[in-house]
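Open the model in a viewer and set it to show secondary structure, with side chains ready to switch on. The stops below each begin with something to select.

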Amino acid sequence: MSITKRVNGVGEFIRTIVDPVILGFRHLFRPRQTIRYPFEYYEPADGYRGRIINDLEKCINCMLCARICPDKCISQKIVEGKKWPEIDFGRCCFCGFCVWVCPPDSLQMTKDHSFPTYNKEDLFYEWDELGEYPDPSSWRVGKEIKQKKIQHEMVFE
Amino acid sequence: MSLTVNWGPQHPSSGHFRMVTTIDGDRIVKAIPKIGYTHRGIEKLLENRDYIPAIPMIERFNMTDCAPMNMCWILGVEDLLGAEVPDRAHYLRTILCEISRIASHLYNLALYTVAIGMYTPFMWAIGDREYFLRLAEELTGVRLAFAYMLPGGVRRDMSEDLGGKIMKTVDYLEKRIPEYNRFVYESPTVEARGRDVGVLTREEALEMGAAGPVLRGSGVALDMRKKAPYAAYEKMDFDVVSYPEGDSHARMLVRFGEMVQSFRILRQAVKEIPNGDIHAVTKKTSTIVRTRGVPEGKTYVRCEAARGMIGLYLESHGGRRPYRAKFSTPSFRNAYILPKIFNNAPVADAPATYHSLDIWALEMDR
Ligand code: SF4
Ligand code: SF4
């Protein structure tokens, strides 16, 4: 059905054209909703499911984490008669089940979400590499943007 | 002279989905959906998975709306187990399902408006959806693929200030409703593209087994949240939105109305959420599922996803893996409608009509 049948008279027809322009103008003065990613960052929420670390002192070598992993990306490495988990992050879906099931809470998830590599093998973290806490500067690039600055009316912080 | 054209499977407006269309002039005279381009055999793979590690895979049915997929699976497992779920967990599940529904409807609004050539509401919807994904991130830890519900409860409690944040986000979006109304839902331009396009009458919808907003857009007020309440929906006060017209615009209005109802549900859920455990006995039910599996039995459960009713037939012969898990997903049922509503439709209307059905190809193929 044509648009002329849907508007009542010339006045409304003109409004359908003018209104969006006015709205667009109003939106010019609202804060933007995006961030310029490599130059600014936006801190993930607390409890974010990012890269996994393992507290080697707490780990009791039970391998429950490997059994629950849906992607079978946790393998075991035997060092001095003890089994340690190793994670292939190339396959991990960050479901967090391994962390949830870990009896002494030795596996933890950090806020690290950006650890790109040039080849796939580097995404395989060996048992002792899992013990290192990631450097926060790896995801905190540029300057921090608070939710307040990128959105209008609603205040998150 | 008619011409046979492939629409998809990598067409920008069809998703991963192929339809063989016969075109005469600028009219589609015949359309046959070819289902299965993204078939991953998830139902078969489930037979080889433990109940809990199966959850992330089930969510891959539909990433924009993954909480109800998880919900359905958990309902089935809990039904076989006869597990008790604490009230607080019910409320948290409700909250996550509604956040997921709003995000999914906003995403569909974005796709629909871009299909009719309006880019501004596309940006708005995607931008506003981001706040709901942020809420989901605060609740579960990730923006998508939550894997949040487990047999017997949920995985983590909500933080103290999350309730306030949900209220603020809902307030913010409610303030935006007049803008959406003025420029999308009540705009003569959008209405001209959607009114009397892709009409599906009430009888046809019932006969062809339409689901969700498509069914409600044809005047059948059927919603599993009302009809067979699960989680905390029984205690929630909300209406089932339906419009009698059965055209593309009516389906969009249904989704919009549902979003407004979801705001109501979120408000009530946040206000009334009881204190207490989030797991029946800490981790106990899940531990039973993990170590001993699920007792023998069959069950059929259903819940309401953003795209319609999702049903699960689950059969267990004991042990840690299901014998058979059969999902009935709404997009699959809605795909049957395509030949009907594309019959003699102009080619220019095809993308908008397709998106008004909100078919998610991955959910359809499974
Ligand atoms: S589940 Fe936890 S304690 Fe057990 S092996 Fe894995 S990391 Fe170590
Ligand atoms: S987060 Fe999930 S997929 Fe990744 S290692 Fe843990 S259990 Fe496996």
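A residue is near a molecule if one of its heavy atoms lies within 4 Å of it. The model is a predicted one, and the tour begins at its ligands.

**Stop 1: ligand 2**

Select ligand 2 and show what is around it. Which residues surround ligand 2? Cysteines in the shell are Cys69(A), Cys73(A), Cys92(A), Cys93(A), Cys95(A) and Cys98(A). The shell is completed by Ile52(A), Pro70(A), Asp71(A), Ile74(A), Phe94(A) and Gly96(A). Sorted by class, these residues are 10 nonpolar, one polar and one charged. The charged residue is Asp71(A), because Asp counts as charged, and the polar one is Gly96(A), because Gly counts as polar.

Now hide the ligand and look at the space it occupies. Ligand 2 sits in the largest cavity, whose volume is about 80 Å³. The structure has four cavities of 30 Å³ or more. The lining of the largest cavity consists of 13 residues, and Cys69(A), Cys73(A), Cys92(A), Cys95(A) and Cys98(A) lie nearest its centre. Those five cysteines also belong to the shell around ligand 2. By class, the lining has 11 nonpolar residues, one polar and one charged.

**Stop 2: ligand 1**

Select ligand 1 next. Which residues come nearest to ligand 1? They are Cys59(A), Cys62(A), Met63(A), Cys65(A) and Cys102(A), out of 13 residues around the ligand. The shell around ligand 1 holds 10 nonpolar and three polar residues, and no charged ones.

**Stop 3: chain A as a whole**

Show chain A as a cartoon. Chain A has four helices and seven strands. From start to end of the sequence, their pattern is α-β-β-α-β-β-α-β-β-β-α. Of the 157 residues in chain A, 41% are buried.

**Stop 4: the sheet of chain A**

Select residues 74-79, 82-88 and 124-125 of chain A, which are strand 3, strand 4 and strand 6. Together they form an open sheet with the order 3-4-6 and antiparallel pairing. Strands 3 and 6 of chain A are the edges, each pairing on one side only. Strands in a sheet pair through hydrogen bonds of the backbone.

Zoom in on the contact between strand 4 and strand 6 of chain A, where two bridges join the antiparallel strands. Which residue of strand 6 stands opposite Ile87(A)? The residue opposite Ile87(A) is Tyr125(A).

**Stop 5: Tyr42(A)**

Select Tyr42(A), which lies in the loop between strand 1 (40-41) and strand 2 (52-54) of chain A. Is Tyr42(A) buried or partly exposed? The relative accessible area of Tyr42(A) is 22%, so Tyr42(A) counts as partly exposed, since buried means under 20%. For a sense of distance, add Asp88(A): the two C-alpha atoms are 26 Å apart, and the residues are 46 positions apart along the chain.

**Stop 6: the sheet of chain B**

Move to chain B and select residues 2-7, which are strand 1, then residues 18-24 and 27-34, which are strands 2 and 3, and finally residues 345-346, which are strand 9. These four strands make an open sheet in the order 1-2-3-9, with antiparallel pairing. Its edge strands are strand 1 and strand 9 of chain B.

Seven bridges join strand 2 of chain B to strand 3 of chain B. Along this pair, Met19(B) stands opposite Pro33(B), and Ile23(B) stands opposite Ile28(B). The two strands form a hairpin with two residues between them, and Gly25(B) in the turn has a positive phi of about 65 degrees.

On to strand 9 of chain B, which two bridges join to strand 3 of chain B. Here Ile28(B) has Ala345(B) as its bridge partner.

**Stop 7: two positive phi values**

Most residues other than glycine have a negative phi. Select Ala147(B), where phi is positive at about 45 degrees although the residue is not a glycine. Ala147(B) lies in the loop between helix 5 (120-140) and strand 4 (149-150) of chain B. With a relative accessible area of 1%, Ala147(B) is buried.

Last, select Asp358(B), in the loop between helix 15 (350-357) and helix 16 (361-365) of chain B. Asp358(B) is not a glycine, and its phi is positive at about 55 degrees. Its relative accessibility is 4%, so Asp358(B) counts as buried.

Key
Residues are numbered from 1 along each chain as its sequence is written. Chains are lettered from A and ligands numbered from 1 in the order in which they are written. This is a predicted model: local features need pLDDT of at least 70, side-chain atom pairs count only at pLDDT 80 or more; totals for chains, interfaces and linings use all residues. Side-chain values use heavy atoms; hydrogens and water are left out. On a 1 Å grid over the protein atoms alone, a cavity is a set of points where a 1.4 Å probe fits but cannot get out, and a pocket is an open set with protein on both sides within 12 Å along at least five of seven lines; lining residues have an atom within 4 Å of a point. A molecule sits in a cavity or pocket if more than half of its atoms lie within 2 Å of its grid points. Two strands pair if DSSP finds at least two bridges between them. Grid points are joined across faces, edges and corners, and a volume is the space filled by probe spheres set on the points. Buried means under 20% relative accessible area, exposed over 50%, partly exposed in between (1.4 Å probe, protein chains only).
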